[in-house]
Amino acid sequence: MFTGIITDVGKVLELEQKGDLRARIGTTYDVDGIDLGASIACNGVCLTVIALGHTPQNWFDVQISAETVGATNVGRWSVGTPLNLERALKVGDELGGHIVSGHVDGVAEVVAMRDEGDSTRVTFRAPEPLARFIAPKGSVALDGTSLTVNEVAGREFGINFIPHTKAQTTWGQTQVGDLINLEIDTMARYVARLREYA
């Protein structure tokens with residue numbers, strides 16, 4: 001489990017297709033404090049650490065299945081791609097965002113951006129099957145970042161990014177046309193499922 005509070009911006013150092021996709025991700029995390037088998041959310045995708053090292057910088061390797069590549073924006077990663085990183089939540093950690101599983105539901109597209117004061121309003125288009133789960137003032141995780149929805153119109157929804165968020169994550173580099181990993185709020189998913197049987 002994660003909170004959607006990004007704690008590092010890593011970078012793809014290597015990609016190798018050998019059966020599954022293997023990615024080496026550079027990080028400022030102290031890799032001596034990461035166990036093999038640990039989960040790290042990379043742009044919101046919960047991935048398992050399979051190797052660690054220090055040279056030429058701290059890094060960890062993950063193995064990514066074809067299903068995950070197909071259901072997320074991982075297929076667009078290349079060497080140098082910046083990634084929002086978050087280590088798994090520990091019991092007793094502050095829950096500053098919302099409960100995030102790291103299981104991406106689909107990919108949203110950035111369709112518009114405009115400055116509002118020092119902040120940036122970004123409009124996303126959700127896949128049709130997921131749009132019903134997104135509500136004004138509700139939570140979503142986009143590329144692993146816990147965010148509050150400002151408004152919803154059909155499949156489109158708006159998010160306001162403050163300067164701190166843009167500076168501490170990959171959101172300062174976002175452009176119209178980008179494809180973004182979308183995880184809907186867990187509670188919305190369960191409420192919808194319960195309503196099907198009401």
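The legends below accompany close-up views of salt bridges in a predicted model.

**Figure 1. A buried pair, Arg24 and Asp61, joins two strands.** Let us start inside the protein. The side chains of Arg24 and Asp61 form a salt bridge, with an N to O distance of 2.8 Å. Arg24 belongs to strand E2 (residues 20-26) and Asp61 to strand E5 (residues 59-64), so this contact links distant parts of the chain, 37 residues apart. Both Arg24 and Asp61 are buried.

**Figure 2. Arg24 and Asp61 belong to a wider network.** Here the view takes in the neighbours of the pair. Glu14 and Arg22 join Arg24 and Asp61 in a network of salt bridges. A search of the whole structure gives 9 salt bridges.

**Figure 3. Arg114 and Glu116 pair up, both partly exposed.** The closest N and O atoms of this salt bridge lie 2.8 Å apart. Glu116 has a relative accessible area of 30%, and Arg114 has one of 46%. Each value falls between the 20% and 50% cut-offs, which means that both residues count as partly exposed.

**Figure 4. Glu128 and Arg155 tie a helix to a loop.** In this salt bridge the N to O distance is 4.0 Å. Glu128 sits in helix H2 (residues 128-131), while Arg155 lies in the loop between strand E10 (145-153) and strand E11 (156-161), so the pair ties together parts that are 27 residues apart in sequence. Glu128 is exposed, its relative accessible area being 54%. Its partner Arg155 is partly exposed, at 35%.

Note on methods:
Residues are numbered from 1 along each chain as its sequence is written. This is a predicted model: local features need pLDDT of at least 70, side-chain atom pairs count only at pLDDT 80 or more; totals for chains, interfaces and linings use all residues. Side-chain values use heavy atoms; hydrogens and water are left out. Helices (H or I, at least four residues) and strands (E, at least two) are DSSP runs, numbered from the N terminus. Buried means under 20% relative accessible area, exposed over 50%, partly exposed in between (1.4 Å probe, protein chains only).
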